[in-house]
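Me: I want a close look at one part of this model. Keep it brisk, and stay with the geometry.

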Amino acid sequence: MFSRSWLDIAKRVILQSFLWFTLAVVFLAGTNRVNIFSLGYLVGSFIFLWQGNDFYLRPINVILRWWNYMIGYNVFVILMKTILQIPGCIFMNEIQVHACWLVQLFGIFCIQK
């Protein structure tokens, strides 16, 4: 593609690097904590990383659909973590004694002690 000025080149470099920066943040979100929700972040980041720069060659509606899936999963995780705060704050002692695997699997904890 023909670039008219150095500003066009800088714009393309910066905007194309945002994809890699965003995927690095998603990957770090998946590796930060070990629970079932992190697996979705890891799978999502690997799918996007696997496509590489060929991701830009797809039609715009396909690109937007893939990002909407990722955003939808993010909203799902936020809602589930918020819902899991209720048993985490009320029944934490009972859950840790009887279902420790559940606490580890879903990352149940209470923010306000």
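How many aromatic pairs does the structure hold? Please follow the rings into the helix packing around α2, and say which residues make its contacts with α1 and α3.

Reply: The structure holds 10 aromatic pairs. Bear in mind that this is a predicted model.

Start with Phe-37 and Phe-76. Their rings form an edge-to-face pair. The centres are 6.5 Å apart, and the planes make an angle of 75 degrees. Phe-37 belongs to helix α2, Phe-76 to helix α3, which covers residues 60-83. The two residues are 39 apart along the chain, and their pair links distant parts of it. How exposed is each partner, Phe-37 and Phe-76? Phe-37 has 6% relative accessibility, so it counts as buried, the cut-off being under 20%. Phe-76 is partly exposed, at 42%.

Next, Phe-55 and Trp-67. This pair is edge-to-face as well. Here the centres are 6.3 Å apart and the planes 80 degrees apart. Phe-55 sits in the loop between α2 and α3, while Trp-67 is in helix α3, so the pair ties together parts 12 residues apart in sequence. Both of these residues are buried.

Rings also join up into a group. Phe-37, Tyr-41, Tyr-73, Phe-76 and Phe-106 are linked by ring pairs into a cluster.

Now the packing of α2 on α3. The axes come within 10 Å of each other and cross at roughly 170 degrees. That is over the limit of 145 degrees, so α2 and α3 are roughly antiparallel. Their crossing is left-handed. On the α2 side, the contact uses Ile-36, Phe-37, Gly-40, Tyr-41, Gly-44, Ser-45, Ile-47, Phe-48 and Gln-51. Facing them in α3 are Trp-66, Trp-67, Met-70, Tyr-73, Asn-74, Phe-76, Val-77, Met-80 and Lys-81. By class, this contact has 12 nonpolar residues, five polar and one charged. Several residues of the ring cluster, including Phe-37, Tyr-41, Tyr-73 and Phe-76, are also among those that meet here.

Gln-51 deserves its own note. Its place is in helix α2. With a relative accessibility of 15%, Gln-51 counts as buried. Leaving out residues up to four places away in sequence, Gln-51 touches Arg-58 and Trp-66.

Then there is α1. Helix α1 spans residues 6-32, and helix α2 spans residues 36-51. Their axes come within 7 Å and cross at roughly 155 degrees. The helices α1 and α2 are therefore roughly antiparallel to each other. This crossing, too, is left-handed. From α1, the contact draws on Trp-20, Leu-23, Val-26, Phe-27, Ala-29, Gly-30 and Thr-31. From α2 come Ser-38, Tyr-41, Leu-42, Ser-45, Phe-46, Phe-48 and Leu-49. The contact of α1 with α2 comprises 10 nonpolar and four polar residues, with no charged ones. Tyr-41, Ser-45 and Phe-48 appear in the contact with α1 and again in the contact with α3.

One last marker lies on α1. Arg-12 is found in that helix. It is partly exposed, with a relative accessible area of 36%. The C-alpha atoms of Arg-12 and Tyr-73 are separated by 28 Å. Along the chain, these residues are 61 apart.

Notes: Residues numbered from 1 in each chain as written. Predicted model: local features only at pLDDT ≥ 70, side-chain atom pairs only at ≥ 80, totals over all residues. Heavy atoms only, no water. Axes fitted to C-alpha atoms, helices over the stretch in contact; angles between N-to-C directions. Helix = DSSP H or I, 4+ residues; strand = E, 2+ residues; numbered from the N terminus. Parallel < 35°, antiparallel > 145°, perpendicular 65-115°, else oblique. Left-handed = near helix turned anticlockwise from the far one by under 90°. Contact = heavy atoms within 4.5 Å. Nonpolar A, V, L, I, M, F, W, Y, C, P; charged D, E, K, R; others polar. Buried < 20%, exposed > 50% of the residue type's maximum accessible area, 1.4 Å probe, protein only. Phe/Tyr/Trp six-rings, centres within 6.5 Å; stacked < 30°, edge-to-face > 60°.
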